[in-house]
Amino acid sequence: MQWYVVASVLTILTSSQGIFTTLSQSNGGYKYDYSTVPFLAEVFKVALAIEIRIRDPPLFPIPNGHLQLIVSSMLLWRECQRSPSPKMTTDWRSVRLYPIPSIIYLVHNNVQFATLTYVETSTYQIMGNLKIVTTGILFRCCLVDIKTFILNFKGYVWFLNFRHIYISCSRLFLKRKLSTLQWMAIVLLAIGTTTSQVKGCGQASCNSVFSSPIQGYMLGILSACLSALAGVYTEFLMKKNNDSLYWQNIQLYTFGAIFNLAKLVLDDFRSGFERGAWWQRLFNGYSITTWMVVLNLGSTGLLVSWLMKYADNIVKVYSTSMAMLLTMLLSVFLFNFKPTLQLFLGIFVCIMSLHMYFAPPSVLVDLPLTAKADPESIVEVSVDRRTAS
């Protein structure tokens, strides 16, 4: 399966995620507990990965009476043809690296909420485009070759001794080198997505973009760096060995489900169990549209895992950026969103960026043809060499 097929499907699913979430609202609010949606999405991904791992078919057949999900078959068709007996690394030194992305995303989500306390929503969306550039920087410059990451427990429940943690910075993270044209394309993508989100000056929004406290901008930059770090590190996990994709998904999303469950429990304690325990309200207020949100979010995660395994982070960044623009266009027809000149300019710049990054250099630059010299035009020049007597 070609990466651009998966990236196109990811663009459509990511674009529809915001639309389904909006349609799941009732009278401007949610009848369900929206914090349960990420947890159920993680459980869905883990359950699907475990089912596929147990079946372990050579060509992924579809048994009678049970329709396998289209997304999972797309992800595993290529892999099942490659290796009928997938590899599974169960060594603790490998498994212990998988909670790290969940921890980074957990910190990132809290930084997002903290950022929104200092800046407006429009400013936050514009600053969120910094993750495009930070992903490119970390994609190229982040140093790793993690040899040891040891948590040494000293017998205390809430105490971790990190004395044995060290990172060997002997090689570049993903050993990728971006050309000058690709760097220009990444910057253009950030400019294009930002342009599409900027409102007109007549709407009294130009001054508000730069009127937030400095803490908001610093937290926005930190949020972009954490988002890029989580993505690049996940790609490193997916490519560091030849393990089966769905075995890696089991590890990755199991820890994701654990951390989301911990958040639900923590929210219960913070609220004093006013709404009851989390399992009592898990499916309260759920409708068909809400379940579409869960399935969409879970399928999006599986597609991202595939891209991390067989493509790279830059492809994912382009896919999600195009999804944002596609969502704006669909909102024109679904939610009476009024398109602006900035939106069309941003779409044009992003399309140019897409072409610049993925097109071969020979298509972008007209290289001069090397003409052969005409034998008749060659003039022999005789040189007298005199030796000093």
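Is Glu42 buried or exposed? Select Glu42 to begin the tour of this predicted model. At 13% relative accessibility, Glu42 counts as buried, because the cut-off for that word is under 20%.

**Stop 1: helix α2.** Keep Glu42 in view and add Lys45, its salt-bridge partner; the closest N and O atoms of the two are 3.1 Å apart. Both residues belong to helix α2, 3 residues apart, or about one turn of the helix. Lys45 is buried too, with a relative accessibility of 5%.

**Stop 2: helix α9.** Now select Glu235 and Lys239, whose side chains form a salt bridge at 2.8 Å, N to O. Within helix α9 (residues 214–239) they sit 4 residues apart, about one helical turn. Glu235 is buried, at 0% relative accessibility, whereas Lys239 is partly exposed, at 28%.

**Stop 3: a network.** Next, pick Asp268 and Arg281, joined by a salt bridge of 2.8 Å, N to O. Asp268 is in helix α10 (residues 245–271) and Arg281 in the loop between α10 and α11 (288–310), so this pair ties together parts 13 residues apart in sequence. Asp268 and Arg281 are both buried. Add Asp33 to your selection, and you have a salt-bridge network of Asp33, Asp268 and Arg281. In total, the structure holds 6 salt bridges.

**Stop 4: Ser24.** Finish in the loop between α1 (3–23) and α2 (36–55), where you will find Ser24. Ser24 is buried, with a relative accessible area of 9%. Show its surroundings: beyond its close sequence neighbours, Ser24 touches Tyr30, Tyr32, Thr289, Thr290 and Val293. For a last look, select Tyr286: its C-alpha atom is 8.8 Å from that of Ser24, though the two residues are 262 residues apart along the chain.

Terms used. Residues numbered from 1 in each chain as written. Predicted model: local features only at pLDDT ≥ 70, side-chain atom pairs only at ≥ 80, totals over all residues. Heavy atoms only, no water. Helix = DSSP H or I, 4+ residues; strand = E, 2+ residues; numbered from the N terminus. Buried < 20%, exposed > 50% of the residue type's maximum accessible area, 1.4 Å probe, protein only. Contact = heavy atoms within 4.5 Å. Salt bridge = Lys/Arg side-chain N within 4 Å of Asp/Glu carboxyl O. Lists of a residue's contacts leave out its neighbours within four places in sequence.
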